[in-house]
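The following note is intended for a colleague who is opening this entry for the first time. Please read the numbered points with the model in view.

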Amino acid sequence: MVSLALVAGFSLLAAACASLNEPANPNAPLSGEPAFEDSLTPVQRKEHERLVASYGGIYDDPKLQALIQSIVTRLVVASERPDQRYRVTILNSPAINAFALPNGSLYITRGLLALAYDNSEIASVLAHEMAHVIANHAATREDQMKQAVLVSRVISDVVNDSDLGALALARSRISLASFSRGQELEADAIGVGISARAGFDPYGAERFLTVMGEQASLKSTSIGQTSTPDNSDFLASHPATPERISIVMANAREYASPDKPGERDRKQYLAALDGLVYGDDPKEGFIRGSRFFHPKLGFTFTAPQGFTLENTSQAVLGASSSGREALRLDAVRVAGDQSLGQYLSSGWIDGVEISSVESLVLNGFPAATAVARGEQWSFRMFAIRFGSDVYRLIFAARDLTPELDRQFRAAAETFRRVSIEEAENVKPLRLRIVTVGLTDTPEKLAARMDVPDRPLDRFLIINGLEKGAKLPYGEQVKIISE
């Protein structure tokens, strides 16, 4: 049995548990050259399939795939190992991540692509990952760890139900220790050199690390976190510290002066990026404001007012702006002959007040609720039977007052089935490339964005702009809209 403290607070609620999302097709065809696919061993192919399933499947965008592959081709020619072959897979995940396997398989998420602003920034990321392959870092770590070399969220089950089938996808996630500081700095140096020799602006690495840090800060303050980025993000293993950014800048100066930096190809990159799905993919569940909607699984619920939500592959997570309240929604399998009240008091979480266990019906679905208390946090828990799964909605509070408890109950009562019409009308958010007009300002364009909060900050970050920046007439920028 685990301590209640392990499920309290947003950052700890982010630990993996049962998956809300159905796994992507593990047999999806590999992208890239057939010759590369043929060279994969059965173990490497299985590793690829598990990774793709863990990150939402392959993102199918031929024009974007062609651009990324062309960048890699240029980088390979300029690298220390021009004989090394690489295959790039774009992952359908909003997480900001990129990584490489020892065999030359490169992975990059659409979340990372959305954050970059030109070809040189993407070239810096890809060259860094290629550098790990060239320097044999990945193979060395693979030998040391005796496990697949993937950067992924560390699996840490919060509850005592590891044998449940709903954890299958979570347990397929592969974790590892980060590269050492020395290996990261070596990959930085090699990567900057590769980018520069390929004709790209070597300062792209500095710009991208900087915007990564700004994005991490925005995410942290938006969800009430004070912790470092989670391991599903690139920055968790590639921290953009001032020291590291200054070293990358020094590396770039060895190849080009800031006034003659090299090729950036912003227009070409933005053209390929236009229409990219941004944030959650509706078929895997998505968030609009305080509402979570999963058209594929057929349900929706609305969080209490003031909560910010985040959708992960294992759970929906939420926190109030103060950080004193949090929530988690995940799914498990519960035997049909076990009542939901019995399940809540069965020991998967400690501190349950047996006298508080109550059976009820929420919008036609059998449910049960109970209160659990720990030293620092108290919990209002709900178990809702929906189809073959049971959804656990766990609210945590530093001080579970009667008024707060009423708000938690009201939020649970919003859990309902969605209609076929609702599901069919769902559209994803996308990056749209627009041209700056004569009277456009960052504030005006930010007001056009369909984002839950801080539109101006988000506009500045995705466009690599500083506060107070002026937008040149005719320049192209990114906005987020349906």
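**Notes on the predicted model**

1. A small pairing is a convenient place to begin: Ala 98 stands opposite Ile 108, a residue of strand 3. The coordinates come from a predicted model. Strand 2 and strand 3 (residues 105-109) run antiparallel and are joined by three bridges.

2. These strands belong to an open sheet of three strands, in the order 1-3-2, with mixed pairing. Its edges are strand 1 (87-91) and strand 2 (98-100), each of which pairs on one side only. From one strand to the next, the twist averages 15°. As background, the strands of a sheet pair through backbone hydrogen bonds, in either a parallel or an antiparallel manner.

3. Two helices should be viewed together with this sheet. Helix 3 (residues 42-54) packs on the sheet and touches strand 1, strand 2 and strand 3. The direction of helix 3 makes about 25° with that of strand 1. Helix 4 (residues 62-78) also packs on the sheet, where it touches strand 1 and strand 3. For helix 4, the angle with the direction of strand 1 is about 140°.

4. Strand 14 (residues 389-397) deserves separate attention. How many of its residues are buried? Nine of the nine are, and the strand is mostly covered. In a regular strand, side chains alternate between the two faces of the sheet. On one side of strand 14, Asp 389, Tyr 391, Leu 393, Phe 395 and Ala 397 are buried. On the other side, Val 390, Arg 392, Ile 394 and Ala 396 are buried as well, and both faces are thus covered.

5. The partners of strand 14 may be traced next. Strand 10 (residues 325-332) runs antiparallel to strand 14 and is joined to it by eight bridges. Within this pairing, Ala 326 has Ala 396 of strand 14 as its bridge partner. Strand 13 (residues 378-386) is likewise antiparallel to strand 14, with nine bridges between them. Here Arg 380 stands opposite Phe 395 of strand 14. Strand 13 and strand 14 form a hairpin with two residues between them. In that turn, Gly 387 has a positive phi of about 65°.

6. Asp 188 is a single residue to inspect, located in helix 9 (residues 181-197). Is Asp 188 buried or exposed? Asp 188 counts as buried because its relative accessibility is 7%, and the cut-off for buried is under 20%. Leaving aside residues up to four places away in sequence, Asp 188 touches His 128, Arg 244, Val 248 and Asn 251.

7. The second largest pocket has a volume of about 300 Å³. Its lining comprises 16 residues, of which Arg 207, Thr 210, Val 211, Gly 464 and Leu 465 are the closest to its centre. Helix 10 (204-222) and helix 18 (455-462) each supply at least two lining residues. Helix 10 gives the most to this lining, with five residues. By class, the lining of this pocket has six nonpolar, three polar and seven charged residues.

8. Finally, the chain as a whole. The protein chain has 18 helices and 17 strands. Of its 482 residues, 57% count as buried. Among contacts in the chain with a separation of 6 or more, 68% are between residues 24 or more positions apart.

Technical notes:
Residues numbered from 1 in each chain as written. Predicted model: local features only at pLDDT ≥ 70, side-chain atom pairs only at ≥ 80, totals over all residues. Heavy atoms only, no water. Pairing = 2+ DSSP bridges. Helix = DSSP H or I, 4+ residues; strand = E, 2+ residues; numbered from the N terminus. Axes fitted to C-alpha atoms, helices over the stretch in contact; angles between N-to-C directions. Contact = heavy atoms within 4.5 Å. Buried < 20%, exposed > 50% of the residue type's maximum accessible area, 1.4 Å probe, protein only. 1 Å grid on protein atoms, 1.4 Å probe; cavity = no way out; pocket = protein on both sides within 12 Å on 5 of 7 lines; lining within 4 Å. Points joined across faces, edges and corners; volume = space filled by probe spheres on them. Nonpolar A, V, L, I, M, F, W, Y, C, P; charged D, E, K, R; others polar.
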